[in-house]
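Please open the model in your viewer and keep the sequence panel beside it. The tour below proceeds by selection, each stop saying what to pick and what is found there.

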Amino acid sequence: MKLLIVAVGLRVPDWAQTAYDDYAKRFPPELRVELKAVKTEPRGSKTLETLLAAERERIEAAIPRGSRIVALDERGTILTTKALAQQLNDWQLESDDVALVIGGPDGLDPAFRAAAHQRIRLSDLTLPHAMVRVLLIEQLYRAWSVNANHPYHRE
């Protein structure tokens, strides 16, 4: 199974990339994690709908056919670590690849968000996009560690 993190935005600070890379290399071979960053649409004088539509096209192009799409959304379901671990276990049992999608500065296109198989939120706080990548991969690793009885997760 593969977890694909699709994130709008090509550049993140070095600290965020270092943290992301550190967690990414910890996953076992049977649970691969890949990051696909897509270009943010230049803001300029375009309408919000035009911006989001352009980013949606890039996001959809980055997601392999047949993947389960999980949109990170401020209105999504909030999960505890244990619930995320159960969700990860369910995804692994289904054997589908999962694409977790992080929107750009203005979020995700409403139609894309509505069409996603699931919508989850990581926090009630507003977080910088670079931090979201790190928080997401850390929580995915923690969820794996719960399921594997790995000592990383301690209650």
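## First stop: strand β1

Select β1 to begin, and you will find a strand that is mostly covered, with seven of its seven residues buried. The model you are looking at is a predicted one, which is worth keeping in mind at each stop. Show the side chains of the strand: K2, L4, V6 and V8 point one way from β1, while L3, I5 and A7 point the other way, and all are buried.

Next, add strand β2, residues 32-38, to the selection; β1 and β2 pair in the parallel sense over seven bridges. To follow one of these pairings, pick L4, whose bridge partner in β2 is E34. If you then include α1, you have β1, α1 and β2 together, and these make a right-handed β-α-β unit.

Which strand should be added beside β1 after that? Bring in β4, which runs parallel to β1 and is joined to it by five bridges. Here I5 stands opposite L100 in β4.

## Second stop: the nonpolar cores

Now select L3, I5, F27, L88, W91 and L100, the residues with the most contacts inside the largest nonpolar core, which has 27 residues. The elements that give two or more residues to this core are β1 (2-8), α1 (14-24), β3 (68-78), α3 (81-94), β4 (98-102) and α5 (129-147). Of these, α5 gives the most, with eight residues.

Centre the view on L88 and display its surroundings: apart from residues up to four places away in sequence, L88 touches M1, L3, L31, L140, A143, W144 and N147. There is also a second, separate core of 14 residues, and V6, V38, I59 and L108 are among its members.

## Third stop: Q139

Move along to helix α5 and pick Q139, which is found there. Is this residue buried or exposed? Its relative accessibility is 17%, and the cut-off for buried is under 20%, so Q139 counts as buried. The side chain of Q139 is joined to that of E138 by a polar contact of 2.5 Å. Leaving aside neighbours within four places in sequence, Q139 is in contact with T81 and L84.

## Fourth stop: two positive phi values

Select S95, in the loop between α3 and β4, and check its backbone: phi is near 65 degrees, a positive value in a residue other than glycine. S95 is exposed, with a relative accessible area of 52%.

Then go to N149, in the segment after α5, where phi is again positive, at about 55 degrees, although N149 is not a glycine. N149 is exposed too, its relative accessible area being 70%.

## Last stop: the whole chain

Finally, clear the selection and colour the protein chain by secondary structure, which comes to five helices and five strands. Read along the sequence, these follow the pattern β-α-β-α-β-α-β-α-β-α. The radius of gyration is 15 Å, close to the 15 Å that the globule rule gives for 155 residues, so the chain is as compact as a globular protein of that length. Along the principal axes, the C-alpha atoms fill a box of roughly 50 × 35 × 30 Å.

Colouring by accessibility instead, you can look for the buried residues, which make up 44% of the 155 residues in the protein chain. Among the contacts with a separation of 6 or more, 84% are accounted for by residues 24 or more positions apart.

Definitions and conventions. Residues are numbered from 1 along each chain as its sequence is written. This is a predicted model: local features need pLDDT of at least 70, side-chain atom pairs count only at pLDDT 80 or more; totals for chains, interfaces and linings use all residues. Side-chain values use heavy atoms; hydrogens and water are left out. A nonpolar core is a set of buried Ala, Val, Leu, Ile, Met, Phe, Trp, Tyr and Cys residues joined through side-chain atoms within 4.5 Å. Buried means under 20% relative accessible area, exposed over 50%, partly exposed in between (1.4 Å probe, protein chains only). Helices (H or I, at least four residues) and strands (E, at least two) are DSSP runs, numbered from the N terminus. Contact means heavy atoms within 4.5 Å. A polar contact is a pair of N or O atoms within 3.5 Å; within protein, one must be able to donate a hydrogen and the other to accept it, and residues adjacent in sequence count only if both atoms are side-chain atoms. Two strands pair if DSSP finds at least two bridges between them. A crossover is right-handed if, with the strands pointing away from the viewer, the path from the first strand over the helix to the second runs clockwise. The radius of gyration is taken over C-alpha atoms; the globule rule is 2.2 Å times the number of residues to the power 0.38.
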